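Me: I'm new to reading structures and would like a close look at a single part of this one. Could you take the metal sites as the starting point and then work outwards from there?

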2 protein chains.
Amino acid sequence: MAKEKLVKNITSRDENFAQWYTDVVREAQLCDYSSVKGCLNYLPNGYAIWELIQADLDKRFKETGVENVSLPLLIPEALLEKEADHVDGFAPEVAWVTHGGMERLQERLCIRPTSETLFCDLWARTVKSYRDLPKVWNQWNSVLRWEKTTRPFLRSREFLWQEGHTIHATYEEAEERTIQMLHVYEDCYKETLAIPFVSGRKAEHEKFAGAQDTYTIEALMHDGKALQSATSHFFGSGFPDAFDIKYVDKNNELQSVYETSWGWSTRSIGALIMVHGDDDGLVLPPHVAPVECRVIPIAQHKEGVLDKAYALLDELKKAGYRVKIDDSEKSPGWKFSEQEMLGIPTRIEIGPKDLEKNQVIVVRRDTREKIVVSMDEIAVKLRDILETIQQDMYNRANDFLQSHVDTAVTMDEMAEKFKKNRGFVKACWCGDPECEGEVKYVTGGAATRCLIEDEDMISDKCIWCGKPAKHMAYWGKSY
Amino acid sequence: MAKEKLVKNITSRDENFAQWYTDVVREAQLCDYSSVKGCLNYLPNGYAIWELIQADLDKRFKETGVENVSLPLLIPEALLEKEADHVDGFAPEVAWVTHGGMERLQERLCIRPTSETLFCDLWARTVKSYRDLPKVWNQWNSVLRWEKTTRPFLRSREFLWQEGHTIHATYEEAEERTIQMLHVYEDCYKETLAIPFVSGRKAEHEKFAGAQDTYTIEALMHDGKALQSATSHFFGSGFPDAFDIKYVDKNNELQSVYETSWGWSTRSIGALIMVHGDDDGLVLPPHVAPVECRVIPIAQHKEGVLDKAYALLDELKKAGYRVKIDDSEKSPGWKFSEQEMLGIPTRIEIGPKDLEKNQVIVVRRDTREKIVVSMDEIAVKLRDILETIQQDMYNRANDFLQSHVDTAVTMDEMAEKFKKNRGFVKACWCGDPECEGEVKYVTGGAATRCLIEDEDMISDKCIWCGKPAKHMAYWGKSY
Ligand SMILES: [Zn+2]
Ligand SMILES: [Zn+2]
């Protein structure tokens, strides 16, 4: 059968999740590897999702006053080395340019792994007075980190992202911006990607290289592992001080500036696949589906079917839908299965019987529910159906997340929970990375994902060493 | 006076055009150089123009069926070397990555100077059948060429652009696509950037490295020099054959594919500055102006002025304008001069007297014309004024271009024309690059910009050697 022909290429999700993921990425033609180890070709189906995420995030950014810029790809070695923690974090994993044209360079240049150093270098030259503050800038680009192991969207040497960088006159304003951008990310994950999460501050040793605080969004994949899905960093004045960015305030006194940065990458596409996908392939939330609806004529050789299908296509396009038609010679079964593989949220079946009854059949990708809609109402009703899908997808993913959050006060409980029930476990901790390391070893990988700072602690002892607990945290295995 | 304070930083355009250009780029804060020689920081004012150009072009692309993708930044040396002309053209000007992380690489990787090789490498692995054709792909990114001399927007080591790459089953289809994309560029220059041009095929020795035909758009800057403003290339099957891209046709026979590529870069921002700018700074056509109108309250401390100005701002925003207000403590004179420097197409002056008369004053940036508009009509009338400015700017630039196109049949005429009247000169040519070189020497830089193939030749002899003419061409000095 046609359907099986396509789907047989996909491993069952519960049988082998990692293989299922690889299969979906390949069969839905989202991306593939290039001739450069660890670097991806983002194909039209994958890149179109990224374009929708970009448009949505960029709009949210601009509503908060962000301005877009573009800074260079290359960083002189001396610039990378200006802030000690930062260079320690990144120098081991950058690519070095040593020759330009026919000549050997006097100073090596690295390909940006992130651009804090370039922004600070620019601001050190151009920011002089309180009138020049704040700077709230962002760029959409790619960065390169020489990773050893790579997986499509989740970890690759080059990846697409946005990196926002800001400086402010006061500590408070910068801290506020750090949290504000975390909230922008939260809203986008929830409203646009239909992905729930836990979020909060990272533990001390998990912070971004050079940051004072790192806030993270941790989404839960269908296999029970967490994915760090976006981060927002507060640098205080340490990082900009290292670059000697100073401004003259209203009293004519020289002051430090306070810095933030925040990033969201194509990892988010990995999250979409692993939160919403099923054994028939991708399931895209309508808000980031490059095609919201595919029209599939049934018995298209019968008189009037194709004409009516084209008229419908036209009507839906004019009504503002992202809609396509599959008028190929393939069988309906094949067409259904391909539309499901690609994760297109709805298909409209239209055949001779529907013509007689002046109706169409809308089939939801997420539930397979078939909905009969009058031809006269489809241009309005389809929007309702898509919005219902969007909301239902979030609710289902959120039910899954909530049912995979547990608590533990002893190490036995913790070990047991991570054996049976994967997901997040709330547990208390003294803050010592060594304790975390031991827990990680015993549970086969569970570590702190983020601290929980707005709830009462469930214990006053570290789950490993028994010493006084400093933090409660979400623990989880992760990508 | 406030106005002079800003404007005094700009050299007069007719006195020293090159310095005027540099001054405008700096004072309008479009971009500046970074710590990496020849690489630019695109600042918010400059990048916002690029975003509008991108949005416009991308829409035009998608209307012709283009799909966006993203391919890697790095190219293995062996891949760059696969096509002989291409490697000869680019190898001398690429940057080489020799180390990744802590290790020396076994094969050098270059940072893409352009991505034909990566697209062909991908297609060689994935295109098998006529069903896989055509591929009509594009990517927005930056590329790097190790230029020796650089100027903001016009020539820099790293620059932003789009590069479209397509393959087709037939020669004719590929050739058609080459011309189609040239037309898309022409429409965008004319309708969106308000920039007229001449266009056509490049002479043989001026073609893109590896191409069979290169088509170019040549715009005329205010100083009489041409700027190559966008190009579209036809490769035939030579380039894809070098990468062994073959497909099986309907008769089950193995066939070559035919390739095109086409690019438009941030040079276009240089063209905007040099075609439309004046001694008071930038003059942006409304369609690519990040801010279409700036509201400037007059005597803003007087009762009601600021309230009314904010209400107007709000009304215009809701009506879909890109509009901002300058409610700072600076004097109106300073505010006018800053708005003019930035090239904002209109300002609205609103003061106590205007409130009394229920009116505002709209001032055009291009002509300085003051237009009194009733407050009740401004949300509608402003659009008309902006569209008039857009059209007038094109017409003025086109009058300038048309009055700077001349003809020559003898070398004396040619030399005289390039002494007195700069711009384009139509003249005939045998096709020998040596003759072109001599003309270039004698005229101080005039060379063929593109061939003229749809007009009768004005002479049957080469303007230099007197041998039979093969081509008529536009000659001009250029950036
Ligand atoms: Zn402990
Ligand atoms: Zn000649």
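Reply: Here is a walk from the metal sites to the parts around them. Keep in mind that this is a predicted model, with every value computed from it.

Let's begin with the zinc ion called ligand 1. What holds it? Its protein donors are the SG atoms of A:Cys430, A:Cys435, A:Cys462 and A:Cys465, and they lie 2.2 to 2.3 Å from the ion. Along the sequence, these donor residues follow the spacing C-x4-C-x26-C-x2-C. So you get a pair of cysteines, a stretch of 26 residues, and then another pair.

Now for the geometry. The 4 donor atoms around ligand 1 subtend angles of 104 to 117°, and that is why the arrangement is called tetrahedral. As a yardstick, the ideal angle for four tetrahedral donors is 109.5 degrees.

Chain B has a zinc site too. There, ligand 2 is held by the SG atoms of B:Cys430, B:Cys435, B:Cys462 and B:Cys465, at 2.2 to 2.4 Å. The spacing of these donors reads C-x4-C-x26-C-x2-C. With angles of 103 to 118° between its 4 donor atoms, the site around ligand 2 counts as tetrahedral. Are B:Cys430 and B:Cys435 buried or exposed? Both are buried.

Next, step back to see where the zinc-binding cysteines of chain A belong. The chain is divided into domain 1 (17-276), domain 2 (291-385) and domain 3 (405-477). Going by those numbers, A:Cys430, A:Cys435, A:Cys462 and A:Cys465 fall within domain 3.

How does domain 3 of chain A meet domain 1 of chain A? The centres of the two are 28 Å apart, taken over C-alpha atoms. In the contact, 17 residues of domain 1 touch 13 residues of domain 3. Together the two domains bury about 1,300 Å², and carbon and sulfur atoms give 57% of that. On the domain 1 side, A:Val198, A:Arg201 and A:His205 lose the most area to domain 3, together 38% of what that side buries.

A:Arg201 turns up again in a salt bridge with A:Glu453, where the closest N and O atoms are 2.5 Å apart. In total, 2 salt bridges link domain 1 and domain 3 of chain A, along with 8 residue pairs in polar contact.

Finally, zoom out to the two chains. Chain A and chain B each put 49 residues into their contact. The area buried between them is about 4,000 Å², with carbon and sulfur atoms giving 60%. Here the count is 2 salt bridges and 19 residue pairs in polar contact. One you can look up is the salt bridge between the side chains of B:Lys62 and A:Glu51, at 3.1 Å from N to O.

Notes: Residues numbered from 1 in each chain as written. Chains lettered and ligands numbered in written order. Predicted model: local features only at pLDDT ≥ 70, side-chain atom pairs only at ≥ 80, totals over all residues. Heavy atoms only, no water. Donors = N, O, S within 2.8 Å, 3.2 Å for Na, K, Ca; no water. Tetrahedral: all angles 85-135°; square planar, octahedral: opposite > 155°, others 65-115°. Buried < 20%, exposed > 50% of the residue type's maximum accessible area, 1.4 Å probe, protein only. Domains from an automatic or database assignment. Contact = heavy atoms within 4.5 Å. Buried area = accessible area lost by both parts, 1.4 Å probe. Salt bridge = Lys/Arg side-chain N within 4 Å of Asp/Glu carboxyl O. Polar contact = N/O pair within 3.5 Å; in protein donor to acceptor, adjacent residues only side chain to side chain.
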